[in-house]
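Hi everyone, thanks for making time this morning. I'd like to walk you through one structure, so please have the viewer open and follow along with me.

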Amino acid sequence: MSNLTDLPRLSAATIAALPISVRRPTYDREAVTPGIVHLGIGAFCRAHLGVYTDEVLATGVKDWGIVGVDLLALDMRAALKPQDCLYTKLERIAGEDRLQVIGSFLDILTTIDQETEVLALMCRPDIRIITITVTEKGYCQDAATGTLDETHPAIRADLENPRTPKTVPGLLTEAIRRRREQGVPAFTVLSCDNLAQNGVTARRIVTRFAELVDPDLGGFVAATIAFPCTMVDRITPATRDAERDAVKAGLGLVDAWPVVTEPFRQWVIEDNFPTGRPAWEKAGAILTDDVHPFETMKLRCLNGAHSLLAYLSVLLGIETVAEAMADPHLPRVIRRLWDEDLIATVPPVPGTDVTAYTHDLEGRFVNPEIRHLTIQISSDGSQKLGPRWLEAAGEILAEGGCPKVIPLGVAAWALFLLRSDGNGRTWGVADPIAERLTAIAAANAHSAAALVDGLLAVREIFPEGVAANPAFHAAVVARVEAIRRFGARGAIEAFLAE
Ligand code: CS2
């Protein structure tokens, strides 16, 4: 942590001292009241939801402030409360830093020691939307089927004690139950996570959880609660001390936890808010009837390429996406992923040429000012492989084809699970089922076929139609063998020569 003591802290009291070049809330924050509770306050939602909402508040709207809830962690509240929940958004692009102080978060709570307050807040009539960014794993779903994982230990614990929930499905269900009991109109649940059909997934998970608590409540959730889908996009890596220092220099004040992000942002939202919503379109969001094509394009083309770069980069010892894009081979590999596998699987996207979109992605990925760690993107593969690669693979296989590049990605992921390049370089595997995956990989490391058999049998990740396809299986085995025999670099070169 950088030295936080030598300058005053960013806060409502010190904000007037900011240099003129730093944008800040132009509205009276004291007059803003909460309308949104956000579950899972991390960097991404502060660079995305927080910024869009800040711009809406700047239009004079007063009743759509946000209260953030840190789930089972204390650090965001500890960082932001002393600065009146103000924080800096640092937008970085070659040679240029743009600083803006965001004011849309009014308070931060944590479920660690404020469980009662969090549930009481979620039941307030003025709270009309619950937004969520808890990453894929926060939905406690079985990734292959999308249904609630009823064997998940945290879900089981919440089902045993549904009045004191810890999980997102548990918290939402209990708040919905109490609002119903108290005669408070329902809220809308807005998932802002990178899941295919995130609203549909949230609805399925919460409805099932509620049904298990009480079948009548399950019916109530299904009949009354809106779960619009969204596509969210903004590359926002974890903040480092160097960036805290850059913000400190730019503000002349200390911000304990700024967010660093690229200039690009996109938000496509299904316009289904029976309880009202902020006019996010005033900040550039696209409100539409059908998010599906946008989300498929983003999850497959952006996130799918990110994951391929990430696993190959970890094997090659490349630390960031920008460095991967400076590699002589990797940009050509993701170009082939797009051109040969993914673009054809994306349905028509209104107003967007998907090939042009992938060229724009190249421009975003090369940004050297955004140090997006490949090891960070490698996390939670069990949750990410499905929406990013395997759904597309399943569609290609169902039509009688075989994906050309996705098997290389699956092979790289399989070898990544071995946690070592065999020459002394090691890394960690972060995944909700890391223990199981790394044990399968280690036990089958003796042969490419055994390794692939072992991993493709993990049904929560690989749907039957993909796992049981002989052509797909053989393609992954061939890629694993090539990486083993020639090293990741040699195998990539050979692949590019095909
Ligand atoms: C990344 C995403 O970490 C990851 O898995 O692919 O966080 C990505 O940066 C965002 O979805 C961009 O909108």
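Let's start with the records: which residues does the UniProt annotation "domain: Mannitol dehydrogenase C-terminal" cover? According to that unreviewed entry, the annotation covers residues 290-483. Before going on, please keep in mind that this is a predicted model. In the model, the span 290-483 is 64% helix and 0% strand, and its end C-alpha atoms lie 41 Å apart. UniProt also lists "domain: Mannitol dehydrogenase N-terminal", again from an unreviewed entry, for residues 35-282. That span is 35% helix and 21% strand, with its end C-alpha atoms 17 Å apart.

Now the domain division itself. The protein chain is divided into domain 1, residues 15-288, and domain 2, residues 292-497. Taken over C-alpha atoms, the centres of domain 1 and domain 2 are separated by 29 Å. The contact takes 23 residues from domain 1 and 29 residues from domain 2. On the domain 1 side, strand 3 (87-93) and strand 8 (230-233) each supply at least two of the residues that touch domain 2. What is the make-up of that side of domain 1? Its residues divide into 13 nonpolar, 3 polar and 7 charged.

Next, the ligand. Which residues are around it? They are N194, D233, R234, I235, L302, N303, H306, Q376, I377 and K384. By type, this shell divides into 3 nonpolar, 4 polar and 3 charged residues. Domain 1 and domain 2 each give at least three residues to the shell. If you colour by secondary structure, look for helix 10 (292-316) and helix 14 (374-377), each of which supplies at least two shell residues. Helix 10 gives the largest share, 3 residues.

Let me zoom in on one member of that shell, I377. I377 is found in helix 14. Is I377 buried or exposed? There are 24 other C-beta atoms within 10 Å, so I377 is buried. Leaving aside neighbours within four places in sequence, I377 is in contact with H306, S307, A310 and H372. H306 should sound familiar, as H306 is also among the residues around the ligand. And here is a pair you could check with your own distance tool: I377 and T320 are 57 residues apart along the chain, yet their C-alpha atoms are separated by 9.5 Å.

While we're in this region, have a look at D380, in the loop between helix 14 and helix 15. D380 has a positive phi of about 60° although it is not a glycine. For context, most residues other than glycine have a negative phi. D380 has 19 other C-beta atoms within 10 Å and is partly exposed; the cut-off for buried is 20 or more. There is another case in L72, with a positive phi of about 55°, also not a glycine. L72 is found in the loop between strand 2 (65-70) and helix 3 (75-80). With 11 C-beta neighbours inside 10 Å, L72 counts as exposed.

On to the core. The largest nonpolar core has 147 residues, and those with the most contacts inside it are I130, L312, L315, A414 and V480. Once more helix 10 turns up, giving the largest share of this core, 13 residues. Why does the core lie between the domains? Because domain 1 and domain 2 both give residues to it.

Take V480 as a way in: leaving aside neighbours within four places in sequence, V480 is in contact with A411, A414, L415, A448, L451 and V452. Three of those names, A411, A414 and L415, are among the buried residues of helix 16. Helix 16 spans residues 406-416, and 11 of its 11 residues are buried, so helix 16 is largely enclosed by the rest of the structure. What covers these buried residues? The cover includes helix 10, helix 12 (330-342), helix 15 (381-398), helix 17 (434-443), helix 18 (448-456) and helix 20 (470-497).

One last stop, E117, which is found in helix 4 (residues 115-122). E117 is partly exposed, with 15 other C-beta atoms within 10 Å. E117 and H152 are 35 residues apart along the chain, and their C-alpha atoms are separated by 26 Å.

That's my tour, and I'm happy to go back to any part of it.

Definitions and conventions:
Residues numbered from 1 in each chain as written. Predicted model: local features only at pLDDT ≥ 70, side-chain atom pairs only at ≥ 80, totals over all residues. UniProt positions renumbered as here; feature names shortened; annotations may be inferred. Helix = DSSP H or I, 4+ residues; strand = E, 2+ residues; numbered from the N terminus. Near = placed C-beta within 6 Å. Nonpolar A, V, L, I, M, F, W, Y, C, P; charged D, E, K, R; others polar. Domains from an automatic or database assignment. Core = buried A, V, L, I, M, F, W, Y, C linked by C-beta atoms within 7 Å. Buried ≥ 20, exposed ≤ 12 C-beta atoms within 10 Å, placed from the backbone. Contact = placed C-beta atoms within 7 Å.
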